[in-house]
Amino acid sequence: MSRRSGVLEFAVLGLLHDAPMHGYELRKRLNVLLGSFRAFSYGTLYPCLKNLVAQGFLVEDNPDLEYVPATALNGKRSKIVYRLSAEGKHRFEELLADSGPDAWEDEHFGVHFAFFARTDRAVRMRVLEGRRSRLEERLERMRTSIARTRERFDDYTLELQRHGLESVEREVRWLNELIETERANRTGRGTTPTGAPPQTSDGRGQEAGSSDPPRPPHDRPGRSSQER
């Protein structure tokens, strides 16, 4: 299984853990909850769903109704509703517990973070610290690269490199804040540390009463000139 299909599997199982959905609704939820999945189409999602059904992780309700893709002419949508099987719930719990190097990469980290409210605190800490370590390594490589190429590139190319460097530095600061908050909060699973709204990397708090998790940091715009 490719890395990207593995990410999609995790996201699908996590969303269906809340409630059964048909494919069209599931795709909308992926687009809203996980910005990194906006490019996924029916051509990507439905093979994933069929594969999860074949593995026994999902169950199809109304499986005799064949799916017809929606078009401007027929306006049809899938009548098949997908729900987690007992094996699917167990598989999702396994993915939640994964805190290895794959969970630190850009796409995997965003999905893990989206489901942090259901993740054990110890796993959250390992993922956050692993992600920070991975980004610190990236920062070192970027700083070395800028120092070596400064004389060979024009001002605009250097500015683009500095922009990328600042984006990674900003995420490291955000991770430091999350890690410190997790260390201060030892009440178990899924609690909001210190009662404060989760902070995005640009310092904006999540709206009160919102059930959506903060957007993954790589899906956020860069900071303004005043912040520099």
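Two strands are taken as paired if DSSP finds at least two bridges between them. In this predicted model, four bridges join strand 2 (residues 58-61) to strand 3, and the two run antiparallel. The protein chain as a whole holds seven helices and three strands.

**Overall architecture**
- Along the sequence, the elements of the protein chain follow the order α-β-α-α-β-β-α-α-α-α.
- Of the contacts in the protein chain between residues at least 6 apart in sequence, 65% link residues at least 24 apart.

**Strand pairing**
- Strand 3 (residues 81-84) pairs with strand 2 in an antiparallel manner through four bridges.
- Within that pairing, Y82 of strand 3 is the bridge partner of E60.
- Strand 1 (residues 21-22) is also joined to strand 3, by two bridges, and these strands run antiparallel.
- Here V81 of strand 3 serves as the bridge partner of H22.

**The two faces of strand 3**
- Side chains alternate along strand 3, with Y82 and L84 directed to one face and buried.
- V81 and R83 point to the other face and are not buried.
- Y82, the partner of E60, is thus among the buried residues, being under 20% relative accessible area.
- V81, the partner of H22, lies on the face whose side chains are not buried.

**Burial and surface**
- The protein chain has 228 residues, of which 38% are buried.
- About 12,800 Å² of the protein chain is exposed, and carbon and sulfur atoms contribute 50% of that area.

Technical notes:
Residues are numbered from 1 along each chain as its sequence is written. This is a predicted model: local features need pLDDT of at least 70, side-chain atom pairs count only at pLDDT 80 or more; totals for chains, interfaces and linings use all residues. Side-chain values use heavy atoms; hydrogens and water are left out. Buried means under 20% relative accessible area, exposed over 50%, partly exposed in between (1.4 Å probe, protein chains only). Contact means heavy atoms within 4.5 Å. Accessible areas come from the Shrake-Rupley method with a 1.4 Å probe; for residues, only the protein chains shown count as cover.
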